[in-house]
Amino acid sequence: MTATQVSVIGAGHIGLPTAAALVSFGHEVVCAESDPRRLRILQDGGVPIYERNLDEALARGREGGRLTFVASAAVAARTAEYVFLCVPTPELPDGSADLSYLRQAAQEIGPSLLPQAVVVNKSTVPVGATHLVEQTIGRDDIMVVSNPEFLREGTAVEDSLHPDRIVVGADDQQVAARVGALFATTGAPLLVTDAATAETIKYASNAFLATKLSFINAIAGLCDEVGADVRDVILGLGYDHRIGFDFLRPGPGWGGSCFPKDTRALLHIAESANYDFPLLRAVIQTNETQLRRIVDRLETALGCGAPSVSEAQTPLGTSTIAVWGLTFKAETDDLRMSPAIRIISDLLTRGARVQAYDPTLGKAGGPVLPERADQIRQEFRADGVSDAKLDGFSLRTSSVLACEGASALLVLTEWQEFRDVDIARVRKALERPLIVDARNLLDPAAIRQAGFQYIGVGRH
Ligand code: UDX
């Protein structure tokens with residue numbers, strides 16, 4: 001059986017795992033990437049983004065000669081029966097989705113598409129945007145379908161190879177079924193529906209996941225006030241098969257390139273449809289509150305027992321804080337909308353000095369990569385931190401070095417290596433034995449045993 005010819009437009013966190021999975025399902029893939037730096041890395045056999053197992057998955061495709069990379073979307077599309085659009089749909093200032101990249105990709109591929117080719121929109125788009133791609137291409141011999149992705153960064157390859165479900169939305173159910181058949185080897189349930197419903201499923205999924213997280217973060221806050229332990233509350237919830245244990249880890253708040261963007265986009269979609277959605281507003285507001293709660297609890301802990309400070313100086317304004325973790329979650333190098341960046345920005349703005357370590361600063365144990373340091377500083381500037389306040393921020397090349405002389409340690413991301421740190425060395429490095437664990441990563445009893453004051457999120 002000849003392999004199905006597929007092209008993937010956009011070699012990012014969605015496009016590359018999607019291309020790798022389609023090759024592993026037996027198809028032949030040409031992937032287009034417009035960024036010359038990223039394309040050069042791919043054509044030299046490398047991987048330009050941090051995704052677990054992506055290098056092996058791409059290597060398998062390259063070895064079999066069924067995966068190639070080109071610069072032009074038009075070139076990639078002209079031999080394909082199916083063209084997957086995996087381009088960014090970032091957030092505009094008003095919360096709506098920026099569809100300019102999607103429109104540009106549709107314009108580029110339109111003239112070169114084979115007759116009867118199917119364009120598959122994977123990017124997260126507002127309800128109705130699949131028809132925008134149809135109108136932009138403007139050919140009645142081309143079908144456009146919606147096939148939303150449900151990939152988590154860091155596990156996108158795994159999620160692509162073993163999806164929970166395949167959703168395809170199209171006016172023509174036969175075409176939708178053909179697209180679904182591309183993923184037949186996964187054995188995942190296939191839901192064929194119309195485009196608007198498929199697009200709504202994507203937003204509703206992310207909004208529900210964000211709701212689940214805001215709920216457990218709010219419950220953790222309640223636990224702090226009533227003296228309950230959120231870990232056991234989660235156990236008590238999770239045994240109910242209607243609730244389950246997944247996606248209920250309290251934290252500093254949710255971030256990343258999807259939840260913040262998609263929850264606001266869905267709110268924008270509802271408002272544009274004159275639909276009042278107070279629950280979603282509360283989910284977003286709860287997340288903002290959670291970010292501030294972490295800083296407030298650190299400041300309160302610092303204020304208790306610290307040498308009396310002048311009125312003008314808050315406990316934070318006279319403290320150096322050690323921070324573990326900068327990315328929006330562990331197992332990724334992505335800083336976009338990271339809760340850690342938001343929280344550190346707040347600390348810096350309140351006058352604290354911050355010494356941070358993150359496992360993605362450079363090679364393990366090696367120096368901080370200059371371009372990585374610049375990228376991080378750029379995130380703080382984008383978050384409104386002035387250059388003067390940014391002088392109070394520095395990077396360290398290890399978790400213990402970040403603690404040198406600090407008044408407290410703030411754990412913001414849940415890397416396994418933070419669990420394995422020699423806590424006695426941390427105790428020696430810190431000025432004060434205070435740990436605020438915003439990921440409930442560490443064991444409170446063991447940390448207290450080691451002589452620390454431990455503050456978790458709903459933990460006792
Ligand atoms: C999310 C959705 O999970 C995925 O299905 C969708 O396609 C894209 O958006 P992603 O943003 O990559 O994926 O990461 P995810 O693992 O969902 O985490 C999102 C945020 O929630 C992170 O800041 C993470 O730290 C936080 N989180 C996640 C928690 O605080 N607790 C949890 O239990 C899980």
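The buried residues of helix α10 pack against α9 (195-226). This comes from a predicted model, so treat what follows as a friendly tour of that prediction. After α10, we stop at two loop residues, Gln116 and Asn440, each with a positive phi.

**Helix α10 and its neighbour**

- Helix α10 spans residues 230-238, and its buried residues include Val230, Ile234 and Gly238.
- These residues share one side of α10, because the arc they cover around the axis is only 75 degrees.
- In an α-helix there are 3.6 residues a turn, so residues three or four places apart point the same way.
- The partner for the buried residues of α10 is α9, made up of residues 195-226.
- Take a look at the start of α10 too: there, a side-chain oxygen of Asp229 comes to within 2.7 Å of the backbone nitrogen of Arg231.

**Gln116, a positive phi in a loop**

- Gln116 is not a glycine, yet its phi is positive, at about 70 degrees.
- You will find Gln116 in the loop that runs between α5 (100-109) and β5 (118-121).
- Gln116 counts as exposed because its relative accessibility is 56%, and the cut-off for exposed is over 50%.

**Asn440, a positive phi in another setting**

- Asn440 is a residue other than glycine, and its phi is also positive, near 45 degrees.
- The loop that holds Asn440 lies between β13 (434-437) and α19 (444-449).
- Asn440 counts as buried because its relative accessibility is 16%, and buried means under 20%.

Notes: Residues are numbered from 1 along each chain as its sequence is written. This is a predicted model: local features need pLDDT of at least 70, side-chain atom pairs count only at pLDDT 80 or more; totals for chains, interfaces and linings use all residues. Side-chain values use heavy atoms; hydrogens and water are left out. Buried means under 20% relative accessible area, exposed over 50%, partly exposed in between (1.4 Å probe, protein chains only). Helices (H or I, at least four residues) and strands (E, at least two) are DSSP runs, numbered from the N terminus. The arc is that of the directions from the helix axis to the C-beta atoms. Contact means heavy atoms within 4.5 Å. A polar contact is a pair of N or O atoms within 3.5 Å; within protein, one must be able to donate a hydrogen and the other to accept it, and residues adjacent in sequence count only if both atoms are side-chain atoms.
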